[in-house]
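Morning, everyone. I'd like to walk you through a structure that may be new to most of you, so let me put it up on the screen.

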Amino acid sequence: MKLKQLESYLQNVENFDEPKIEFEQYPTTPHLASRIIYTAENVFQDIQGKTIADLGCGCGMLTIASLLMEADFVTGIDIDKDAIEILQNNLDEYEISESAEIICANLSKSSSKKELLLDTNLLDKMHKKFDTVVMNPPFGTKPGNAGIDMLFLEAAVYLSKGAIYSLHKSSTRDYIIKTCKKWGYSCEVLAQLKFDIPKMYNFHKKNSVDINVDLIPN
Amino acid sequence: MRLITHNMLKCHVRGCDDSSKNFPLEIQDAQLEQIEAEKNDAFLVRMFPRLEWNALVSTAKNLSINNLPEKIPENIEEDQALLEILHTVLLETNVKEGRMVCRGCGHIYAIKNSVPNMLLAEHEI
Ligand SMILES: [Zn+2]
């Protein structure tokens with residue numbers, strides 16, 4: 001499938017009616033989703049025939065893009081029941097519900113010091129069950145949400161056997177690269193999106209083949 | 001919720017640490033439906049080593065699905081009959097409504113409109 005084709009197929013994905021500030025919901029646009037998933041497949045072969053988790057899947061833009069690029073199975077996880085309902089409608093509209101699953105869950109829990117921690121008990125049996133993780137996590141800019149972006153990355157590292165594709169704010173770039181190095185991942189900025197704050201990253205385990213990619217012009 | 005997903009869900013209530021009881025969650029009052037899915041042997045063969053086999057077998061039995069072998073099968077890629085069964089059990093059997101109960105702490109996780117709800121209240125976690 002061509003990039004333009006993927007982007008145009010995604011135009012009918014219904015997005016949040018009213019994004020919720022507490023969850024830092026912001027829509028993943030067809031433009032964004034098509035570029036992430038297209039690159040993940042065509043440069044890295046991380047989508048077609050793969051088992052994928054979409055963390056903080058929201059209305060499912062990345063889930064649907066992955067399935068259109070012929071992922072075998074996608075499991076979306078989100079905390080928000082309203083978003084999940086829209087996602088279910090989307091999956092029905094696209095006639096791809098047979099290859100998707102949705103779990104309503106919160107990846108984080110608060111420590112006694114009110115710090116956000118990864119709920120490792122929740123994820124215990126999902127450890128390395130997915131080939132690839134794709135996500136557009138909350139940025140952690142809302143008070144009380146600090147660190148949620150890194151927590152999502154931590155969850156992704158726990159769940160993925162292979163690569164991770166994730167969107168982050170440009171200002172966190174150095175920190176993310178450093179942290180991922182510590183976790184044994186190499187990290188690459190795949191694209192900087194001019195109309196939006198987020199940047200698209202690709203994470204591969206150090207011992208896997210690493211490919212240098214050019215930034216996608218947009 | 002397909003059984004392939006149920007196979008990854010564990011009770012995560014604080015202090016519920018007995019691994020012989022907090023997994024698998026017991027499915028109760030299940031309203032099952034069959035979803036027709038395209039058979040994909042390569043997918044099944046790849047996912048097979050990631051399954052918790054005993055949990056799958058006991059869960060299936062609870063739902064009166066009795067055709068899975070007790071012992072972890074070998075060379076499943078050559079076993080068309082078993083692949084057929086796995087396809088139906090893992091990917092086509094959907095719990096549309098029901099609940100999952102932890103055999104350790106008794107916590108109930110609802111399944112509504114095919115979505116398992118793993119959310120906990122702050123004091124439970
Ligand atoms: Zn429990």
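Okay, first thing to keep in mind: this is a predicted model.

Let's begin with the sheet in chain B. Strand 3 of chain B, residues 108–112, and strand 4 of chain B are joined by two bridges and run antiparallel. If you want to find that pairing on screen, look for B:K112, whose bridge partner in strand 4 of chain B is B:V115. Now zoom out a little. These strands belong to an open sheet of four strands in chain B, in the order 1-2-3-4, with antiparallel pairing. Which strands stand at the edges? They're strand 1 (26–34) and strand 4 (115–116) of chain B; each has a single partner strand, so one side of each has no neighbour in the sheet.

There's a helix to look at here too. Helix 4 of chain B, residues 80–92, lies across strand 1 and strand 2 of chain B. Relative to strand 2 of chain B, which covers 93–101, helix 4 runs at about 60 degrees.

Staying with chain B, let's go to the metal. What coordinates the zinc ion? It's the SG atoms of B:C11, B:C16, B:C102 and B:C105, at 2.2 to 2.4 Å. The angles subtended by the four donor atoms are 100 to 116 degrees, and that's why the arrangement is tetrahedral. Along the chain, the donors follow the spacing C-x4-C-x85-C-x2-C. And B:C11 and B:C16 are both buried.

Over to chain A. Its secondary structure comes to seven helices and nine strands. Of the 218 residues in chain A, 58% are buried. And if you take the contacts in chain A with a separation of 6 or more, 68% of them are between residues 24 or more positions apart.

A good place to stop is strand 7 of chain A, residues 164–169, which is mostly covered, with five of its six residues buried. Strand 7 of chain A runs parallel to strand 6 of chain A, residues 132–135, and three bridges join the two. In that pairing, A:M135 is opposite A:S166.

Follow the chain on from strand 6 of chain A and there's a loop leading to helix 6, which is where A:G140 sits. Is A:G140 buried or exposed? Its relative accessibility is 17%, so A:G140 counts as buried. Beyond its neighbours within four places in sequence, A:G140 contacts A:E24, A:N145, A:A146 and A:I148. A:G140 and A:K169 are 29 residues apart in sequence, with their C-alpha atoms 9.6 Å apart.

Another buried spot is A:T51, in strand 1 of chain A, residues 51–55. A:T51 has 2% relative accessibility, so it counts as buried. Leaving out residues up to four places away in sequence, A:T51 touches residues of chain A, including A:F73 and A:F130, and residues of chain B, including B:F43 and B:R50.

Last, the nonpolar cores. The largest has 65 residues, and among those with the most contacts inside it are A:L55, A:M126, B:L56 and B:M118. Helix 6 of chain A, residues 148–159, gives the largest share of this core, nine residues. As for A:M126, its contacts beyond four places in sequence are A:I77, A:I103, A:L159, B:M8 and B:L9. There's also a second, separate core of 35 residues, with A:L32, A:I37, A:L68 and A:I102 among them.

That's the tour, thanks for listening.

Definitions and conventions: Residues are numbered from 1 along each chain as its sequence is written. Chains are lettered from A and ligands numbered from 1 in the order in which they are written. This is a predicted model: local features need pLDDT of at least 70, side-chain atom pairs count only at pLDDT 80 or more; totals for chains, interfaces and linings use all residues. Side-chain values use heavy atoms; hydrogens and water are left out. Two strands pair if DSSP finds at least two bridges between them. Contact means heavy atoms within 4.5 Å. Axes are lines fitted to C-alpha atoms, for helices over the stretch in contact, and angles run from 0 to 180 degrees between N-to-C directions. A nonpolar core is a set of buried Ala, Val, Leu, Ile, Met, Phe, Trp, Tyr and Cys residues joined through side-chain atoms within 4.5 Å. Buried means under 20% relative accessible area, exposed over 50%, partly exposed in between (1.4 Å probe, protein chains only). Donors are N, O and S atoms within 2.8 Å of the metal (3.2 Å for Na, K and Ca); water is not among the atoms, so sites may look incomplete. Four donors count as tetrahedral if all angles lie between 85 and 135 degrees; four count as square planar and six as octahedral if opposite donors are over 155 degrees apart and all others between 65 and 115; anything else is irregular.
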